[in-house]
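The following exercises ask the student to read a structure step by step. Each task is followed by a worked solution.

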Amino acid sequence: MRTLFVLLIISILAFQGFAQTCCSGGVPLSNNLGLPNEGKGVISLGLNYDYNNLNTLNAGTTKLDDSSRQRITNSVLYVMGYAFTDKLAVESLLTWVNQSRTISQFGNQSFTETSGIGDGVILLKYSMPEVLGNGTALNLGVGTKLPLGKSDIITEQGIQLTADLQPGSGAWDGLGWASVSKGLNFRPSATVSGSFTYRLTGVNNSYLNNSATYEFGDEIQINLGYTDQFLMFNTIFNPGVVFKYRKALEDKIDNQGIPNTGGEWIFIRPELAIQLTPNIAINSRFELPVYSYVEGTQLTPTFRVSTGISYLLNTKNELLIK
Amino acid sequence: MKNIFILASIFLLQSCSSSSSSEELGPVQGQDNNDPAPVSLEWSIPISEVLDGGPGKDGIPALVNPKFSPVENISYLRDTDLVLGIKNGDDVRAYPHAILDWHEIVNDNLGDISVAVTYCPLTGTGIGWNRIIKSSETTFGVSGLLYNTNLIPYDRATASNWSQILNESVNGELLGEKADLISLIETDWKTWKSLFPNSQVLSINTGFSRTYGISPYGDYNTNNDRFLFPTPKDPRLPSKERVHAIVDGVDAKAYRFSDFTSNNIIRETYKGRNYLLIGNPNFIVSFELAGEQTTLDFEYIHNGTSELLVKDNEGNEWNIFGEAITGPRTGQFLGDSASFMGMWFSIPAFYTTELYGG
């Protein structure tokens, strides 16, 4: 346990060094949870980059003809998982976030950005293989989002930015997570999977110089995916497609709902993972909205691209080797 | 020891957070200089209470010399929708809240008047400003900043920031400069089209794609508990009740629609100035009387269909804009008052406010 703790801290510090030299993270926390349990003693490490572009202005489901506003979120997400047993595992997620707002209007361009450590997640997971039948795996998890990121960044002019431009939320959230997967009998290389995440958001009690409270809306996310596998150039490729449903409730300030927050979206996400070695895999995803409904009028996601690398470290084997 | 290590790690991580902003300017009407003005850190209002509203500078696009349509061609307004009106000679124009909700500022020209019709949806305040500042015409844009949840316009000539309700520049090259007010009236669409059937009304063909007629702020106008940003509240009246405020220095006096139930005319002396206020359930207007005007006795003659509002003991008939339409003083104007309509909470948030009738 102490080894795990030290490794976690070293990882944080290593991550800090990386973050200072690179832009990153938009806090797509729910997208990046759910590492598989690779077996007792296995440490899973992952480093992902996520680019989220919001350049579509919607009123409800109607796309308005206005591309003057753009929000871009670059995220670097560092995921680390450790399996205590074949069933019980823990997963942590640390983020570094760079958020920008660009207004291109009347021939002028106004640009504002913030960068910094975003919030983190710790998730405790329990796996139940075969509980739903042969070839299935059910995983349940509970966790929390830790308010590691700053939520009170001010501009050079001394003006505090709104909650959605801050790297952190300033609040502890509760997380519930479940996933299920099943291998297909008629095509052993294929897997269908689904996951459900609920984020019960907490309240930032020190918003705007302690003058108000702020609560982001609770969030539900459901993923349904199909993944297959093929061998090419002596390498395993895992193409897949995921349909993602996301619903966010409205944000609240001083416990009053804020207009123009919250909505529902359905995305399609083709993805490809390549198993470079038994321990190292790389992945990439491209996410496009196929349905967007926003409360009121809001910028809504235009597209998202992410890529990453993951590494499995079997501590038990290494100990045996030593 | 372990806890200290964790806390130290988190502190190190948090210390990496930062922000930056920049501007690139292109050629814009009312802006001769394309170099961004240097960012001024000096504000006449508490900087800690100036907040970023979210959309960013020009994220809410102000209009410049927009299109107008005749009253009979307007179909996007309901009878109860509010409009701001202005008159210069025969040129009478209405600026509906339904459009101002989405643009907040209309830079317009009516003959020799160069006006910025400024409207803050979060305080409900509609105020006209002269766009000729220090002998130069400018245009105003929406800075994206708020003070006491009220609009902070910026002028494109100097990039100075202004407080709408304080009517003065609060940051930048023009710090301390007062806005020269241009009188606007506020009434509902049904009343406006009865009074001015031949007027011009701001068209929804603004060049921007917006859902005009649907408030971007939901029930904000009527929900007394809903605020998007922290601001002082005053329990004397419901926060969102619309009142007419006369301002004088750091003081203000507010008048409710109910003050005009038994009498449509109020004569007041406030802070040494003489005022004439005229109201009914559809509008409240006020004028500052000076010189011989203070000796006039006014009688309310408004019938709901004519722009005529009051008649005086000399036989003059005055319209809603304070212009003598008939009588020996035809063509004269009652003095403009420093006044505007707005949600109640916003007046004491900026001024030491006295409520008419206690």
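**Exercise 1. The nonpolar core**

Which residues touch the most other members of the largest nonpolar core?

Solution. The model is a predicted one, in which local features need pLDDT of at least 70, side-chain atom pairs count only at pLDDT 80 or more, and totals for chains, interfaces and linings use all residues. Residues are numbered from 1 along each chain as its sequence is written, while chains are lettered from A and ligands numbered from 1 in the order in which they are written.

Step 1. Recall that a nonpolar core is a set of buried Ala, Val, Leu, Ile, Met, Phe, Trp, Tyr and Cys residues joined through C-beta atoms within 7 Å. A residue is buried if 20 or more other C-beta atoms, placed from the backbone, lie within 10 Å of its own.

Step 2. The largest core has 97 residues, and Y95(B), V117(B), A245(B), L276(B) and I347(B) touch the most other members.

Step 3. Take V117(B) and leave aside its neighbours within four places in sequence: its contacts (C-beta atoms, placed from the backbone, within 7 Å) are L84(B), Y95(B), I105(B), V106(B), D108(B), G128(B) and L184(B).

Step 4. A second, separate core holds 18 residues, including L77(A), V79(A), L93(A) and W96(A).

**Exercise 2. An open sheet**

State the strand order of the open sheet in chain B that has 4 strands, and identify its edges.

Solution. Step 1. Strands are DSSP runs of E with at least two residues, and helices are runs of H or I with at least four, numbered from the N terminus. Two strands pair if DSSP finds at least two bridges between them.

Step 2. The order is 21-22-23-28, with antiparallel pairing. Strand 21 (265-270) and strand 28 (335-336) of chain B are the edges, each pairing on one side only.

Step 3. Strand 21 of chain B joins strand 22 (residues 273-280) of chain B over 6 bridges; there, I265(B) has I278(B) as its bridge partner.

**Exercise 3. Where the chains meet**

How many residues of chain B are in contact with chain A?

Solution. Step 1. On the side of chain B there are 46 residues, in contact with 51 residues of chain A.

Step 2. Helix 1 (2-14), strand 1 (18-24) and strand 2 (50-52) of chain B each give two or more residues to this side. Strand 1 of chain B supplies the largest share, 7 residues.

**Exercise 4. The two chains**

Give the helices, strands and buried share of each chain.

Solution. Step 1. Chain A has 3 helices and 19 strands, and 39% of its 322 residues count as buried.

Step 2. Chain B has 4 helices and 30 strands, and 47% of its 358 residues are buried.

Definitions and conventions
Two residues are in contact if their C-beta atoms, placed from the backbone, lie within 7 Å. A residue is buried if 20 or more other C-beta atoms lie within 10 Å of its own, exposed if 12 or fewer, and partly exposed in between; C-beta atoms are placed from the backbone.
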